[in-house]
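Colleague: I have the sequence and the model open. Can you walk me through the architecture, one question at a time?

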Amino acid sequence: MKMLKKLAALALAATMVLVLFTACGGDTAQSPEAQAEAQAMSAINAKRGTAVQLSNDAELKQDAEKFLDTAVDINTGAWKIFNAVDVNRDKNTGVITVKVVVKNEYTGKLLENFFELVNSKDKNVDISAVGRWTKVGVAAKTVKGNTYVSVVVQVDPNA
């Protein structure tokens, strides 16, 4: 009986040690892509001021990922600057959808670059009223050591 108690105590002690070690561990570091996406969303929401804060919309994030693939050459990592902007206006609703890709080194001035690229593409589109942005999707990808950020925004000029 004493031997059984000792074996049970030893098994419990070993289990406690194993549980202790498996519970230990620090937070895993975010990938460069996740950090870039978070920085972009933070910059967008900071610019919105008192307007409702936007989250990274799943549907628009997928659009941003697809657009990113067209604007950055996967094999060379070259940024196709001429394909880095797309502006569409829905004729029925008037909602403007804007897609832009920038290098991550520009995310500090993300919105300034965003407005500049859109303005150079279509002078008739004013997306500077960030409070009228209804949805936003942000995606990032690292290709050949460069991280690119794609932002897709829907703007309702009537909002």
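**Helix, sheet and what lies between**

Colleague: How far apart are the end C-alpha atoms of helix H3, residues 58-71?

Modeller: Keep in mind that this is a predicted model. H3 has 14 residues, and at 1.5 Å a residue it should span 20 Å. The model agrees with that expectation: the end C-alpha atoms of H3 are apart by 20 Å.

Colleague: Which residues of H3 are buried, and what arc do they cover around the axis?

Modeller: The buried residues are Leu60, Ala64, Phe67, Leu68 and Ala71. They lie on the same side of H3, because the arc they cover around the axis is only 105°.

Colleague: Which exposed residues sit on the face of H3 turned away from its buried side?

Modeller: Exposed here means over 50% relative accessible area. The face of H3 turned away from the buried side carries three names: Ala58, Glu59 and Lys66.

Colleague: Which residue has a side-chain oxygen that reaches a backbone nitrogen at the start of H3?

Modeller: The backbone nitrogen belongs to glutamate 59. The side-chain oxygen comes to within 3.2 Å of that nitrogen. The residue that supplies the oxygen is aspartate 57.

Colleague: Which strands help cover the buried residues of H3?

Modeller: The cover includes residues 85-89, 96-103, 133-143 and 146-155. In strand names, these are E1, E2, E3 and E4.

Colleague: In what order do the strands form the sheet, and which are the edge strands?

Modeller: The sheet is open and has 4 strands, paired antiparallel. Their order is E1-E2-E4-E3. The twist averages 10° from one strand to the next. Two strands each pair on one side only, so by that pairing the edge strands are E1 and E3.

Colleague: What angle does the direction of H2 make with that of E3, and what angle does H3 make?

Modeller: Helix H2, residues 32-48, packs on the sheet and touches E3 and E4. H3 also packs on the sheet, touching E1, E2, E3 and E4. With the direction of E3, H2 makes about 155°, and H3 makes about 45°.

Colleague: How many bridges join E1 to E2, and which residue of the hairpin takes a positive phi?

Modeller: E1 and E2 run antiparallel, joined by 5 bridges. Among the partners, valine 87 is bridged to valine 98, and arginine 89 to isoleucine 96. The hairpin has 6 residues between the strands. The residue there with a positive phi, near 80°, is glycine 94.

Colleague: How many bridges join E2 to E4, and which residue stands opposite valine 98?

Modeller: E2 and E4 run antiparallel, with 8 bridges between them. Valine 98 faces a residue of E4, and that residue is valine 153.

Colleague: How many residues of E2 are buried, and what is the relative accessibility of valine 101?

Modeller: E2 is mostly covered, with 7 of its 8 residues buried. Valine 101 is found in this strand. Valine 101 and threonine 70 are 31 residues apart in sequence, yet 9.7 Å apart in space, C-alpha to C-alpha. Valine 101 counts as buried because its relative accessibility is 0%.

Colleague: Which backbone oxygen lies 3.0 Å from a polar side-chain atom of serine 150?

Modeller: Serine 150 is found in E4 and counts as buried, at 0% relative accessibility. Beyond its sequence neighbours within four places, its contacts include Phe67, Leu68, Val100, Val101 and Val138. The oxygen in question is that of alanine 64.

Colleague: Is asparagine 45 buried or exposed, and which residues does it touch?

Modeller: Asparagine 45 is placed in helix H2. Its relative accessibility is 12%, and the cut-off for buried is under 20%, so asparagine 45 counts as buried. Not counting residues up to four places away in sequence, asparagine 45 touches Gln53 and Leu54.

Colleague: What pattern does the chain follow along the sequence?

Modeller: The chain has 4 helices and 4 strands. Of its 159 residues, 33% count as buried. Among contacts with a separation of 6 or more, 61% come from residues 24 or more positions apart. Read along the sequence, the pattern is α-α-α-β-β-α-β-β.

Conventions:
Residues are numbered from 1 along each chain as its sequence is written. This is a predicted model: local features need pLDDT of at least 70, side-chain atom pairs count only at pLDDT 80 or more; totals for chains, interfaces and linings use all residues. Side-chain values use heavy atoms; hydrogens and water are left out. Helices (H or I, at least four residues) and strands (E, at least two) are DSSP runs, numbered from the N terminus. The expected span of a helix is 1.5 Å times one less than its number of residues. Buried means under 20% relative accessible area, exposed over 50%, partly exposed in between (1.4 Å probe, protein chains only). The arc is that of the directions from the helix axis to the C-beta atoms. Contact means heavy atoms within 4.5 Å. A polar contact is a pair of N or O atoms within 3.5 Å; within protein, one must be able to donate a hydrogen and the other to accept it, and residues adjacent in sequence count only if both atoms are side-chain atoms. Axes are lines fitted to C-alpha atoms, for helices over the stretch in contact, and angles run from 0 to 180 degrees between N-to-C directions.
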